[in-house]
Amino acid sequence: MDLKLLRAFFQLVDTGHYGKASAKLFVTQSTLSKQIQALEITAGGPLFERGRHGAKLTALGQLLHQEARALLRLSDDIDLKMQRANAGLTGSLDIGFGISTLVTAPQLIAGFRASIPESQITLNDLPSREQHQRLLDGRLDVGFCRAPEGDNDLAFMPVIEERLALVLPHEMTIPSEGRLPDLNRLGFVSLSPLRGPGLDSQISRWCSTIGFTPRIIQYADDILTVHAVVAAGLGAAFLPWHGVNALAGRTHQQPLSGPEATWPVGLCWHRRSSNALLSRFVDYVSKHHG
């Protein structure tokens, strides 16, 4: 049934008078009469008995009044939910993050959910390159990751400055920068370049500036495994400082210096996204990070 006609019907029931109902609906009595007549055709019979005292429901009208109330309430609920969604007050977000924001991302997300209780958040632990691709494909709403390289479809807002760190087994002493070649006797564990091309490139550039080439003895597909291998005493590694700090206690870490030792990690999203909840999340992070 036409919801507009049902709303006219309920207004007439509430007032019991065509003149009063048409005034509340901002239509003429003639228009209201035509609306009720159209509804009666759909219902298959008269809905009101018209008399000197106004409009009184027929048996068919009473049945419609009883059954249609839930339909209008559902329609009102849907309208309200759509309004809240368009205002960014409800909805869902698929969010990516990496080890550099293992602490920062959950803190910001927890604060955002407290401010927008109806938001539904899904977290995905993903490398930066994969986050970028999922954002472009529409399989991710927003990510905490490295800045995208040369892609104008993705927006980026820095949140933290990440830094390379030398990570050693707990029982080993951190050597001076000039003694780094000594660590090649132990060997280095590295994240697979295919899994972390950004980190691999960062390490290569930093090592190049000091003329050092690490002897890689093992690759792993995720940073947690790299860290676990180092913690077991089986090698050294270059890893993100914020990330290994979140895993502290099992290894020694020393942040590195130099122009190639740092890079921004921040919020990345598709510029053409129409998700109003995403806009609120970006605004929240911009005001609360750091």
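The exercises below work through two cores, two pockets, one helix and several single residues of a predicted model.

**Exercise 1. Determine which residues have the most contacts inside the largest nonpolar core, and describe the surroundings of one of them.**

Step 1. The largest nonpolar core has 54 residues, and those with the most contacts inside it are Phe144, Phe238, Leu267 and Phe281. Strand E6, which spans residues 154-169, gives the most to this core, with nine residues.

Step 2. Take Phe281 as the example; once its neighbours within four places in sequence are left aside, Phe281 is in contact with Leu93, Ile95, Ile109, Phe112, Val142, Phe144 and Leu267. Two of the names in this list, Phe144 and Leu267, also stand among the residues with the most contacts inside the core.

Step 3. The description is completed by a second, separate core of 18 residues, which includes Ala8, Tyr18, Phe48 and Leu72.

**Exercise 2. Establish whether Tyr284 is buried or exposed, and state which residues it touches.**

Step 1. Tyr284 has its place in helix H10, which covers residues 276-288.

Step 2. The relative accessible area of Tyr284 is 15%, and the limit for a buried residue is under 20%, so Tyr284 counts as buried.

Step 3. Not counting residues up to four places away in sequence, Tyr284 touches Leu108, Gly111, Phe112 and Ser115. Phe112 is also among the contacts of Phe281.

**Exercise 3. Describe the lining of the largest pocket, beginning with its volume and ending with the classes of its residues.**

Step 1. The volume of the largest pocket is about 810 Å³, and its lining consists of 39 residues, of which Pro127, Ser128, Arg129, Arg146 and Gly196 lie nearest the centre.

Step 2. At least two lining residues each come from helix H6 (128-137), strand E5 (142-146), helix H7 (197-210), helix H8 (223-231) and strand E11 (262-270). Of the elements that contribute, H7 gives the most, with six residues.

Step 3. Sorted by class, the lining of the largest pocket holds 20 nonpolar, ten polar and nine charged residues.

**Exercise 4. Carry out the corresponding description for the second largest pocket, and find which element gives the most to its lining.**

Step 1. The second largest pocket contains about 160 Å³ of space. Among the residues that line it are Phe188, Asp200, Ile203, Cys207, Pro214, Tyr219 and Phe238; Phe238 is also one of the residues with the most contacts inside the largest nonpolar core.

Step 2. Strand E7 (188-191), H7, strand E8 (216-220) and strand E9 (237-240) each supply at least two residues of this lining, and H7 gives the most, with four residues.

Step 3. The lining of the second largest pocket divides into nine nonpolar residues, two polar residues and one charged residue.

**Exercise 5. Explain why the buried residues of helix H2 lie on the same side of H2, and follow the chain into the loop after it.**

Step 1. In helix H2, residues 18-25, the buried residues are Tyr18, Gly19, Ala21 and Ser22. Because they cover an arc of only 165° around the axis, they are placed on the same side of H2.

Step 2. Lys20 and Lys24, on the other side of H2, are exposed, whereas the buried residues have a cover that includes helix H1 (3-15), helix H3 (29-43), strand E1 (48-51) and strand E2 (54-57).

Step 3. H2 is followed by Phe26, which lies in the loop between H2 and H3. The phi of Phe26 is near 60°, a positive value in a residue other than glycine. With a relative accessibility of 77%, against a limit of over 50%, Phe26 therefore counts as exposed.

**Exercise 6. Place His227 and Val230 in helix H8, and work out which residues each of them contacts.**

Step 1. Helix H8 holds His227 and also Val230. The relative accessible area of His227 is 2%, which means that it is buried, and Val230, at 0%, likewise counts as buried.

Step 2. Apart from neighbours within four places in sequence, His227 is in contact with Val167, Leu239, Val244, Leu247, Arg250 and Thr251. Under that same exclusion, Val230 is in contact with Val167, Leu168, Pro169, Val189, Gly235, Ala236, Ala237 and Thr251. Val167 and Thr251 appear in both lists.

Step 3. As for Arg250, a contact of His227, its C-alpha atom is separated from that of Val230 by 8.8 Å, the two residues being 20 residues apart along the chain.

Terms used
Residues numbered from 1 in each chain as written. Predicted model: local features only at pLDDT ≥ 70, side-chain atom pairs only at ≥ 80, totals over all residues. Heavy atoms only, no water. Buried < 20%, exposed > 50% of the residue type's maximum accessible area, 1.4 Å probe, protein only. Contact = heavy atoms within 4.5 Å. Core = buried A, V, L, I, M, F, W, Y, C linked by side-chain atoms within 4.5 Å. 1 Å grid on protein atoms, 1.4 Å probe; cavity = no way out; pocket = protein on both sides within 12 Å on 5 of 7 lines; lining within 4 Å. Points joined across faces, edges and corners; volume = space filled by probe spheres on them. Nonpolar A, V, L, I, M, F, W, Y, C, P; charged D, E, K, R; others polar. Arc of directions from axis to C-beta.
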